[in-house]
Amino acid sequence: MREGLKRPVKTVKMAVIPDIHTTTIMKEIVREHQLRPIVLRFHLDKPRSDFEKKGLDAHYLMHDLTWDMLQSLKEQYRILEEIDYEVAELEYLLLPIEQDLDILEVMLKIKAPSVLPFDEHDDGTKININIGEFFKGVIYHNQQIQDLHDEVSEAYRWFNAHFEMIYEKESWIDEQLWEDVNQIYHHYLEAQVDIVSLDRDQEEFKEALSQVIELQDRYNDYGQVLFASFNALQARSEECYRRTEIVNKGLDELHKNLK
């Protein structure tokens with residue numbers, strides 16, 4: 001080789017072989033759940049500690065409890081919808097009873113004619129009331145109110161017990177379950193579960209949880225309005241039944257006087 005010239009250096013690309021002692025073997029496991037799929041990754045080269053098992057069991061249990069609550073809230077909301085329909089129907093049936101009572105009370109001189117929505121153009125108006133059908137209607141309405149009262153009482157018991165529990169515990173998920181999961185974060189270096197995947201899965205669970213809480217809020221609002229509507233219907237109905245008893249006595253007196 002001539003002086004002053006250097007042999008060119010040959011560049012060789014070499015594959016990097018990872019150290020088998022530091023390689024992490026990851027496996028993604030999907031647990032199908034009715035609320036949402038639970039997707040977690042695990043370091044299979046690590047053992048599972050007791051704190052981690054307890055934390056993951058808590059994570060799974062949160063899904064179970066939230067799914068169960070979702071089904072309960074949906075069912076109770078459906079019951080409120082049925083009650084709402086029945087309240088509206090009984091309000092509708094009460095209107096002609098009230099109108100007939102106004103007329104009968106004027107006829108029996110229990111009330112002055114001024115209670116009727118008539119004017120001078122209605123002087124020749126003839127009004128026919130089938131007394132037998134009137135009393136049948138009142139009896140039917142009263143029976144329907146009693147039956148509905150049982151339904152409303154049962155719905156209110158669940159409603160009241162649920163929100164008493166929420167008031168005391170703030171959630172159907174016990175605070176200890178969150179703490180059990182947090183133990184995994186506190187000892188993440190020892191955990192078999194990949195902490196990033198657990199954090200993502202918990203955030204997705206919280207989104208599903210918030211949707212159930214929104215349903216709970218709608219159920220609460222609906223229940224408050226509906227129970228108040230039923231109470232108003234019941235008070236209005238009781239007033240009609242009381243008036244009906246007075247009218248019945250008046251008709252008996254009228255019948256005696258006509259003999």
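**Exercise 1. Work out whether Leu108 is buried or exposed, and what surrounds it.**

Step 1. Start with the accessibility. Leu108 has a relative accessible area of 17%, so it is buried. The cut-offs here: buried means under 20% relative accessible area, exposed means over 50%, and partly exposed is in between, with a 1.4 Å probe and protein chains only.

Before going on, a word about the model. It is a predicted one: local features need pLDDT of at least 70, side-chain atom pairs count only at pLDDT 80 or more, and totals for chains, interfaces and linings use all residues. Residues are numbered from 1 along each chain as its sequence is written, and side-chain values use heavy atoms, with hydrogens and water left out.

Step 2. Place the residue. Leu108 sits in the loop between helix H1 (50-107) and helix H2 (131-169). Helices (H or I, at least four residues) and strands (E, at least two) are DSSP runs, numbered from the N terminus.

Step 3. List the partners. Setting aside neighbours within four places in sequence, Leu108 is in contact with Val247, Gly250, Leu251 and Leu254. Contact means heavy atoms within 4.5 Å.

Step 4. Check one pair. Leu108 and Gly250 are 142 residues apart along the chain, yet their C-alpha atoms are separated by 6.4 Å.

**Exercise 2. Find which residue meets Lys111 in a salt bridge, and describe both partners.**

Step 1. Apply the rule: a salt bridge is a side-chain nitrogen of Lys or Arg within 4 Å of a carboxyl oxygen of Asp or Glu. The partner of Lys111 is Glu105, at 3.3 Å, N to O.

Step 2. Compare accessibility. Lys111 is partly exposed at 33%, whereas Glu105 is buried at 3%.

Step 3. Look around Glu105. This residue belongs to helix H1. Not counting residues up to four places away in sequence, Glu105 touches Ile110, Lys111, Arg243 and Val247. Val247 is also on the contact list of Leu108.

**Exercise 3. Sort out the salt bridges of Asp201 and Lys206.**

Step 1. Take Asp201. Its side chain meets that of Arg200 in a salt bridge of 3.5 Å, N to O. Asp201 is buried, with a relative accessible area of 0%, while Arg200 is partly exposed at 30%.

Step 2. Widen the view. Arg36, Arg200, Asp201 and Glu204 are linked in a network of salt bridges.

Step 3. Move on to Lys206. Its side chain pairs with Glu203, 3.6 Å from N to O. Lys206 and Glu203 are 3 residues apart in helix H4, so about one helical turn separates them. Lys206 is partly exposed at 36%, and Glu203 is partly exposed at 39%.

Step 4. Count up. By this rule, there are 16 salt bridges.

**Exercise 4. Identify the residues that make the nonpolar surface patch of about 320 Å².**

Step 1. Name them: Met107, Leu254 and Leu258 make the patch. Patches are made of residues with over 30% relative accessible area and no salt bridge; like charges are joined within 9 Å, and nonpolar side chains (Val, Leu, Ile, Met, Phe, Trp, Tyr) within 5 Å.

Step 2. Zoom in on Leu258. This residue is in helix H4 (residues 195-258) and is exposed, with a relative accessible area of 69%.

Step 3. Link back to Exercise 1. Leu254, one of the patch residues, is also in contact with Leu108.

**Exercise 5. Describe how strands S1 and S2 pair.**

Step 1. Strand S1 (residues 26-31) and strand S2 (residues 38-43) run antiparallel and pair over 6 bridges. Two strands pair if DSSP finds at least two bridges between them.

Step 2. Pick out a bridge: Arg31 has Ile38 in S2 as its partner.

Step 3. Add the connection. A hairpin of 6 residues joins S1 to S2.

**Exercise 6. Summarise the chain, and find where pLDDT stays under 50.**

Step 1. Elements: there are 4 helices and 2 strands, in the order β-β-α-α-α-α from the N terminus.

Step 2. Burial and contacts: 32% of the 259 residues count as buried. Of the contacts with a separation of 6 or more, 79% are between residues 24 or more positions apart.

Step 3. Confidence: pLDDT, the predictor's confidence in each residue from 0 to 100, averages 87 for the chain, and 85% of the residues score at least 70. The stretch under 50 is residues 1-22, for which the model has 2 contacts beyond four places in sequence. Where pLDDT is low, the predicted coordinates should not be read in detail.

How values were computed
Areas by Shrake-Rupley, 256 points an atom, 1.4 Å probe, with all protein chains shown as cover.
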